[in-house]
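Hi everyone, thanks for coming. I'd like to walk you through a protein that may be new to you, so let's put it up on the screen.

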Amino acid sequence: MEVQGLYAIAVAIIMGFGAIAAGLGNSAVASKVVEGITRQPELRGQLMTTLFISVGLIEAMPIIGVVMAFILLFR
């Protein structure tokens, strides 16, 4: 198998696992925020702020993985 083909497979694996991990992380954070809002509705604003920050940080990791994968693919 050609080396460029192996790089393409590596990029696909990196992107796939990054997307799966981000989806699982976002769902875990969102479920806990909904649970927290259900228990203490008066903290809704603080919990939503924390949710948006957390989701932003979680989504940054797959984006970094995609950039690294493209660097690997096109070097």
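Let's start with one residue, Thr38. Thr38 sits in helix α1, which covers residues 3-39. Before I go on, please keep in mind that what you see is a predicted model. Is Thr38 buried or exposed? Thr38 is exposed, because its relative accessibility is 61% and anything over 50% counts that way. Now look along the chain from there to Ala22. These two residues are 16 apart in sequence, and their C-alpha atoms are 24 Å from each other.

Keep that pair in mind while we move to Thr50. Thr50 belongs to helix α2, and that helix runs over residues 44-73. Thr50 has a partner to look at too, namely Val33. Those two are 17 residues apart along the chain, and the distance between their C-alpha atoms is 8.5 Å. Val33 itself falls within residues 3-39, the span of helix α1. As for the surface, Thr50 is partly exposed, with a relative accessibility of 44%.

Further along helix α2 we meet Val67. How far apart in space are Val67 and Met15, C-alpha to C-alpha? The answer is 9.6 Å, although their positions lie 52 residues apart in sequence. Val67 is partly exposed as well, at 46% relative accessible area.

Now let's step back to the whole protein. The secondary structure consists of two helices, with zero strands. The radius of gyration is 17 Å, well over the 11 Å that the globule rule gives for 75 residues, so the protein is more spread out than a compact globule. You can see this in the box that the C-alpha atoms fill, roughly 60 × 15 × 5 Å along the principal axes.

What about contacts along the chain? If we take contacts between residues at least 6 apart in sequence, 69% of them join residues at least 24 apart.

On to the surface. Buried residues account for 15% of the 75 in the protein. About 5,500 Å² is exposed, and carbon and sulfur atoms supply 75% of that area. For charges, there are 4 positive and 4 negative side chains, and the centres of the two sets are 5 Å apart.

I'll finish with the aromatic rings. How many aromatic pairs does the structure hold? Just one. The partners are Phe70 and Phe74, with ring centres 6.0 Å apart and planes at 20°, so the pair is stacked; the cut-off for stacking is under 30 degrees. The two partners also have their own surface values: Phe70 is partly exposed at 36% relative accessibility, while Phe74 is exposed at 63%.

That's my tour, and thank you for listening!

Note on methods: Residues numbered from 1 in each chain as written. Predicted model: local features only at pLDDT ≥ 70, side-chain atom pairs only at ≥ 80, totals over all residues. Heavy atoms only, no water. Helix = DSSP H or I, 4+ residues; strand = E, 2+ residues; numbered from the N terminus. Rg over C-alpha atoms; globule rule 2.2 N^0.38 Å. Buried < 20%, exposed > 50% of the residue type's maximum accessible area, 1.4 Å probe, protein only. Contact = heavy atoms within 4.5 Å. Areas by Shrake-Rupley, 256 points an atom, 1.4 Å probe, with all protein chains shown as cover. Lys, Arg positive; Asp, Glu negative; His and termini not counted. Charge placed at Lys NZ, Arg CZ, Asp CG, Glu CD. Phe/Tyr/Trp six-rings, centres within 6.5 Å; stacked < 30°, edge-to-face > 60°.
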